[in-house]
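Here are my notes on the model you sent. They are set out as numbered points, to be read beside the coordinates.

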Amino acid sequence: MNIRKQNKKLKDVDYKHLEKIFTNEVYYKAMKKLSPKEKQVIYLLVFDSNDLEKVCSEMKKSKKDVIQIKANAIKHFKRNINKYKKLKKNGGAVSGK
């Protein structure tokens, strides 16, 4: 089921501002740091629950390209989470840069 349908508060979230779905500061900053293309793929596949073919058609990309963008987005999101968690643990500010 579409995440937006499950949570009415997320009605106005789009792929350009996907980080708004997180209340946790670390996750918010980690998502905000992703490229627009990575956010768009995550948004279309996960948030809007579209199938791969529909995403490929909408983005005018091959399946291979979309799968690679998704893999990179997940890798970058995890890397960003770890980076911001370490900063926070060491008493540093979690900045968006």
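**Notes on the predicted model**

1. His76 is buried, because its relative accessible area is 18% and the cut-off for buried is under 20%. This is a predicted model, so the value is computed from predicted coordinates. His76 lies in helix α5. Set aside the neighbours within four places in sequence, and His76 is in contact with Leu34 and Glu38.

2. Now the overall layout. The chain has 5 helices and 0 strands. Read from the N terminus, the order of elements is α-α-α-α-α. The chain has 97 residues, and 34% of them are buried. Take the contacts between residues at least 6 apart in sequence: 57% of these join residues at least 24 apart.

3. Which residues touch the most other members of the largest nonpolar core? They are Leu18, Val41, Val55, Val66 and Phe77, out of 21 residues in that core. Four helices each supply at least two residues of this core: α2 (25-32), α3 (36-47), α4 (52-59) and α5 (63-89).

4. Val66 deserves a look of its own. Its contacts, leaving aside neighbours within four places in sequence, are Val41, Leu45, Leu52, Val55, Cys56 and Lys61. Val41 and Val55 appear in this contact list, and both are also among the core residues that touch the most other members.

5. Next, the largest pocket. Its volume is about 170 Å³. The lining has 12 residues, and Phe22, Met31, Ile42, Val46 and Phe77 lie nearest the centre. How does the lining divide into nonpolar, polar and charged residues? The split is 12 nonpolar, no polar and no charged. Helices α3 and α5 each supply at least two residues of the lining.

6. The structure holds 4 aromatic pairs. One of them joins Phe22 and Phe77: the ring centres are 5.8 Å apart and the planes meet at 25°, so this pair is stacked. The cut-off for stacked is under 30 degrees. The partners come from distant parts of the chain, with Phe22 in the loop between α1 (3-6) and α2, Phe77 in helix α5, and the two positions 55 residues apart.

7. Are the two partners buried or exposed, or in between? Phe22 is partly exposed, with a relative accessible area of 23%. Phe77 is buried, at 17%. The values fall on either side of the 20% cut-off.

8. Phe77 also pairs with Tyr27. Here the ring centres are 6.3 Å apart and the planes are at 40°, so the pair is tilted. Tyr27 lies in helix α2 and Phe77 in helix α5, so the pair ties together parts 50 residues apart in sequence. Tyr27 counts as partly exposed, because its relative accessibility is 30%. Taken together, ring pairs link Phe22, Tyr27 and Phe77 into a cluster.

9. Phe77 recurs through these points. Phe77 is one of the core residues that touch the most other members. Phe77 is also among the lining residues nearest the centre of the largest pocket. And Phe77 belongs to the ring cluster with Phe22 and Tyr27.

10. Check the backbone at Ser49. Its phi is positive, about 55°, although Ser49 is not a glycine. Ser49 is found in the loop between α3 and α4. At 38% relative accessibility, Ser49 counts as partly exposed.

11. Check Lys60 in the same pass. Its phi is near 55°, a positive value in a residue other than glycine. Where is Lys60 found? Lys60 sits in the loop between α4 and α5. Lys60 is exposed, because its relative accessible area is 74% and the cut-off for exposed is over 50%.

12. Last, Lys20. Lys20 is found in the loop between α1 and α2. Its relative accessible area is 53%, so Lys20 is exposed. Lys20 and Lys32 are 12 residues apart in sequence, and their C-alpha atoms are 8.6 Å apart in space. Leaving aside neighbours within four places in sequence, Lys20 is in contact with Val13 and Tyr28.

Notes: Residues numbered from 1 in each chain as written. Predicted model: local features only at pLDDT ≥ 70, side-chain atom pairs only at ≥ 80, totals over all residues. Heavy atoms only, no water. Core = buried A, V, L, I, M, F, W, Y, C linked by side-chain atoms within 4.5 Å. Buried < 20%, exposed > 50% of the residue type's maximum accessible area, 1.4 Å probe, protein only. Contact = heavy atoms within 4.5 Å. 1 Å grid on protein atoms, 1.4 Å probe; cavity = no way out; pocket = protein on both sides within 12 Å on 5 of 7 lines; lining within 4 Å. Points joined across faces, edges and corners; volume = space filled by probe spheres on them. Nonpolar A, V, L, I, M, F, W, Y, C, P; charged D, E, K, R; others polar. Phe/Tyr/Trp six-rings, centres within 6.5 Å; stacked < 30°, edge-to-face > 60°.
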